[in-house]
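Here's a quick briefing to read with the model open beside you. It goes through the fold, one bent helix, the empty spaces and a few individual residues.

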Amino acid sequence: MEQVSSSRTAVSLKRTQPTLEQQRESFKQNRFIAMPLAGTIVWAILGASAPFVSELTITWMLYIGTGAIFYLGAGLSYLTGERFFAKKATSNSFDRLFFVGMLMSLLVFAIALPVAAIDHTTVSLSIGILAGLMWMPLSWAIEHWVGYFHTIARTFGIVGAWYLFPDARVEAISAVIVSVYIVSLIALERRFQTCSEKKRANAQISI
């Protein structure tokens, strides 16, 4: 009897557990603007500050500022309705993928450190590119072009700015990143509004 009961429980849990496709649909309902909004604010401050501080100071500001983006984004998520650390009714595999993508980008920062020890002017180049890598898996997860655009445009734009403006690299790279963020924010918000409208339409049909 116990075996039958446990078997029925397992079958019941299996039936109630959402599929990956259902989890993806749930994940796609998120707004995703808290982190890019934080990134926009931080890089705008870095770019605006660069002409007025020493190279050593702006180098430390790059490390501290980019490291603070996650925490600022987490705080902003409670204003945008995303609420990063709020308890959810169900665990979503794509939420975990999102945070794994962020962790991956943070770990790649290990490349930037030894390179910066050789040439500190590379910090804005390496950190600017590495921090944008997490947008690629996000784009795949939400089935939208914005992440692919963000990473590719950001990478090529940063490399171009680094070569074209050797005397104002932080300012130029910050301008590129902020510009890409603004386009991405607009695209994400439009995507979110479209998803919300579809959700409301489906709810009305089901009623």
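The bend at a residue is taken here as the angle between two fitted axes, one through the seven residues ending there and one through the seven starting there. By that yardstick, α4 has a kink of about 35°, centred on I69. Keep in mind that this is a predicted model, where local features need pLDDT of at least 70, side-chain atom pairs count only at pLDDT 80 or more, and totals for chains, interfaces and linings use all residues. Numbering runs from 1 along each chain as its sequence is written, and side-chain values use heavy atoms, with hydrogens and water left out.

**Overall fold**

- The chain has 10 helices and zero strands, where helices (H or I, at least four residues) and strands (E, at least two) are DSSP runs numbered from the N terminus.
- Read along the sequence, that gives the pattern α-α-α-α-α-α-α-α-α-α.
- Of the 207 residues in the chain, 41% count as buried; buried means under 20% relative accessible area, exposed means over 50%, and partly exposed is in between, using a 1.4 Å probe and protein chains only.

**Helix α4 and what follows**

- Helix α4 covers residues 55-80, which is 26 residues.
- From first C-alpha to last, α4 reaches 35 Å, close to the 38 Å expected at 1.5 Å a residue; the expected span is 1.5 Å times one less than the number of residues.
- Among the buried residues of α4 are I58, T59, L62, G65 and T66, along with I69 at the kink centre.
- Further along α4, the buried set also includes G73, A74, L76, S77 and T80.
- Just after α4, G81 takes a positive phi of about 90°.

**Annotated transmembrane spans**

- The unreviewed UniProt entry annotates "transmembrane region" at residues 32-54, 60-85, 97-117, 123-141, 148-165 and 171-188; positions are given in the numbering used here, feature names are shortened, and such annotations may be inferred rather than shown by experiment.
- In the model, residues 32-54 are 70% helix and 0% strand, with their end C-alpha atoms 35 Å apart.
- Residues 60-85 are 81% helix and 0% strand, and their end C-alpha atoms lie 28 Å apart.

**The largest pocket**

- Both kinds of space come from a 1 Å grid over the protein atoms alone: a cavity is a set of points where a 1.4 Å probe fits but cannot get out, while a pocket is an open set with protein on both sides within 12 Å along at least five of seven lines.
- Lining residues have an atom within 4 Å of a point; points are joined across faces, edges and corners, and a volume is the space filled by probe spheres set on them.
- The largest pocket has a volume of about 360 Å³.
- Its lining has 24 residues, with M35, I69, F70, M102 and M134 nearest the centre.
- The elements giving two or more residues to this lining are α3 (34-49), α4, α5 and α8, and α4 supplies the largest share, five residues.
- By class, the pocket lining has 19 nonpolar, three polar and two charged residues; Ala, Val, Leu, Ile, Met, Phe, Trp, Tyr, Cys and Pro count as nonpolar, Asp, Glu, Lys and Arg as charged, and the others, Gly among them, as polar.

**The cavity**

- There is one cavity of 30 Å³ or more, and about 40 Å³ of space lies in the largest cavity.
- F27, F94, L97, F98, G101, M134, P137, L138 and A141 line the largest cavity.
- Two elements, α5 (93-107) and α8 (135-142), give two or more residues to that lining, and α5 gives the most, with four.
- The cavity lining divides into eight nonpolar residues, one polar and no charged.

**Buried contacts across the sequence**

- W43 lies in helix α3 and counts as buried because its relative accessibility is 0%.
- The C-alpha atoms of W43 and G65 are 7.8 Å apart, although the two are 22 residues apart in sequence.
- I158 lies in helix α9 (residues 146-164) and is also at 0% relative accessibility, so it counts as buried.
- I158 and A172, 14 residues apart along the chain, have C-alpha atoms separated by 8.0 Å.

**Positive phi outside glycine**

- R83, in the loop between α4 and α5, has a positive phi near 50°.
- R83 is partly exposed because its relative accessible area is 41%.
- E143, in the loop between α8 and α9, has a positive phi near 55°.
- E143 sits at 48% relative accessibility, so it counts as partly exposed.
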